[in-house]
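Hello,

I am passing on a structure that you have not worked with before, and I hope it makes a pleasant read. Please have it open while you go through the notes.

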Amino acid sequence: MDLRRRHVAAGGAEVQEVKQREASHHDLHRKSGTASAELASPQEIALRHRGRPFAKLIHSKTQESLLSLRAAGTDFRGFFNLFVIVLVSANLRLVVENMLKYGVLLQPPAGFFDFYRNWPCGVCYIQMSCLTVCNWFIERHGCHYLKTDQAINAAHFVVISAIIVVPTCTVWSSSVTESNAVLLMAFSISWAMKMVSFFQTCFDIRRATARNIVDEVCKDDEASRLVLAERGFPQCLRLKDMLFFMLYPTLCFQLHYPLVPRIRKRRLAGDLLALMICIALSYILLEQYISPLLVNARQHVKMEAGPDGNVLTISGAKLLERLLKLSLPNLYLWLLMFYALFHCWLNVLAELTRFGDRRFYEDWWNAASFGEYWKRWNLPVHHWCLRHVYFPMLRRGWSKLQSGFTVFLISGLLHELLVVVPLRMKRPTVLVTVAFLAQLPLTVLTSQPFFEKRHRTIGNGIFWFAFCFSGQPAAILIYFFLAVDPSLETLGSVLSLR
């Protein structure tokens, strides 16, 4: 027992000694840490405490969520990549579905290259070229035979009317294919617009020369003044310049144009290749996707016998489904046609003729209103309408609304001609003209600051929906019905003038 007590006492003494040594060690460490902290620099202290919770401040400022409307500078490239992948996948599914349902519908466009059917088009192109030379002859030498401005203007009017009438009669009196007829009428309308610009500009030059006010009229156009001073009028109107004007990618006549030094062959080859690719893709869309949709939609619009005669029956829901299905390939076709015509084709013409001003369109895809779209979509036609219709009417005292209405009316009638004549429709429809005139109030409505300045995204969405997902597919369906089935008398009586 005594031995056990002595062992316990010895163990307690040892524990007490260990505790005293630890306490002295902690005191020494605290004193040395305090001394080292007093001797360390602020940078060393910050580095030593880096990563400690107290040194890591998380919430230091007010900020918005990235997907909030008030957030600025959010990068959506990942979402854009996702949308591209989804778009490719969805369209690939449509391609597979189309192939499983219809098979391969593509056939070589033999009718387009059929010489025996389309040779009248070649003759008509020669006739229109001769008519443009006649217009040049009227201005260059007609002053010796036509003594007054009224007589010269009347001669121009007859020739310009012939440029429209001759192709129209050629299409109606021959069996040319619809595609060649569309090309022929497109060249006819564009050349007629060129001739209107030519005779109006020459009329202004003739008046300014007679009144000796050329310098005042052309005060900002030094090149035109030099041309008139060196050659005089009408001696400055050379046949070579007239023929080049017919090839230039512009509708507005001038005495001079900006030209590039040489033809860039690589650029020309690239534009030609892109043009051929766009034409091939457009043909695939028409034959493989759009044509089956139109044929299937035909069964939902029928003329059926009723107690009081034939009655037009329309399956609204199924026709709406066809319309929505048609909107996507129509959108692709429209974009391909824009790129092929306004970029590739006009740049090919510009490169071949060394034409320098190649701003044929602006960023119409960002348009927040219909007014912005028409100002940016087709600059050659836009400049022609302003120069030869809108501003002359304003100068004569017409209001902006009346002048704008006239511009849309002329545009609608020309587009109507471009559709009705190739389809050889027996009655002139008014659908395209009404569609163009209906855009005038839409232009006024969407030109408000709410759409053009404060909420451009909403305005741009309205533009895309109206042009690509409602208006154009509906017009394609209606004209297809009228062209392939004249028995749709009720529908024809609504859209046509008897």
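Below is what was found in it, starting with the whole chain and then moving to single places.

**The chain as a whole**

Please keep in mind that this is a predicted model. The protein chain has 498 residues, and buried ones make up 35% of them. Its secondary structure comes to 18 helices and 2 strands. If you look at contacts between residues at least 6 apart in sequence, 74% of them join residues that are at least 24 apart.

**The second largest pocket**

A good place to begin is the second largest pocket, which holds about 1400 Å³ of space. Its lining is made up of 45 residues. To find the centre on your screen, look for Gln200, Thr201, Asp204, Arg387 and His388, the lining residues that lie nearest to it.

Which helix gives the most to this lining? The answer is helix 6, with 14 residues; this helix runs over 178–211. Other helices that supply at least two residues each are helix 5 (149–172), helix 7 (214–217), helix 8 (222–231), helix 13 (379–395) and helix 14 (400–423). By residue type, the lining divides into 25 nonpolar, 11 polar and 9 charged residues.

**Three residues in helices**

Asn98 sits in helix 3, which covers residues 77–102. With a relative accessibility of 7%, Asn98 counts as buried, because it falls under the 20% cut-off. Its side chain makes a polar contact with the side chain of Gln288, at 2.6 Å. Apart from neighbours within four places in sequence, Asn98 is in contact with Gly103, Gln288 and Tyr289.

Tyr332 belongs to helix 11, residues 316–353. Is Tyr332 buried, partly exposed or exposed? Its relative accessibility is 27%, so Tyr332 counts as partly exposed. Not counting residues up to four places away in sequence, Tyr332 touches Leu87, Asn91 and Leu285. Of these, Leu285 is 47 residues away along the chain, and the C-alpha atoms of Tyr332 and Leu285 are 8.1 Å apart.

Thr446 is found in helix 15, residues 431–446. At 5% relative accessibility, Thr446 counts as buried. The side chain of Thr446 reaches the backbone nitrogen of Phe370 at 3.1 Å. Once residues up to four places away in sequence are set aside, Thr446 touches Ala368, Ser369, Phe370, Phe451 and Glu452.

**Cysteines**

How many disulfides are there? The count comes to 0. Cys252 shows the reasoning for one residue: the closest cysteine sulfur, in Cys385, is 9.1 Å from the sulfur of Cys252, and a disulfide needs the two sulfurs within 2.5 Å, so this pair is too far apart for a bond. Cys252 is buried, with a relative accessible area of 9%. Cys218 is also buried, and its relative accessible area is 17%.

**Backbone details in the loops**

Three spots in the loops deserve a look while you have the model open.

- Phe233 and Pro234 are joined by a cis peptide bond, with omega at about 10°. Pro234 lies in the loop between helix 8 and helix 9 (239–247).
- Asn212 has a phi near 60°, a positive value in a residue other than glycine. Asn212 is placed in the loop between helix 6 and helix 7. With a relative accessible area of 66%, Asn212 is exposed.
- Arg354 also has a positive phi near 60° and is likewise a residue other than glycine. Arg354 lies in the loop between helix 11 and helix 12 (370–376). Its relative accessible area is 29%, so Arg354 is partly exposed.

If you would like a short route through the model, start at Thr201, among the residues nearest the centre of the second largest pocket. Then go to Asn98 and its polar contact with Gln288, and finish at the cis peptide bond between Phe233 and Pro234.

Happy exploring, and best wishes

Technical notes: Residues are numbered from 1 along each chain as its sequence is written. This is a predicted model: local features need pLDDT of at least 70, side-chain atom pairs count only at pLDDT 80 or more; totals for chains, interfaces and linings use all residues. Side-chain values use heavy atoms; hydrogens and water are left out. On a 1 Å grid over the protein atoms alone, a cavity is a set of points where a 1.4 Å probe fits but cannot get out, and a pocket is an open set with protein on both sides within 12 Å along at least five of seven lines; lining residues have an atom within 4 Å of a point. Grid points are joined across faces, edges and corners, and a volume is the space filled by probe spheres set on the points. Helices (H or I, at least four residues) and strands (E, at least two) are DSSP runs, numbered from the N terminus. Ala, Val, Leu, Ile, Met, Phe, Trp, Tyr, Cys and Pro count as nonpolar, Asp, Glu, Lys and Arg as charged, and the others, Gly among them, as polar. Buried means under 20% relative accessible area, exposed over 50%, partly exposed in between (1.4 Å probe, protein chains only). Contact means heavy atoms within 4.5 Å. A polar contact is a pair of N or O atoms within 3.5 Å; within protein, one must be able to donate a hydrogen and the other to accept it, and residues adjacent in sequence count only if both atoms are side-chain atoms.
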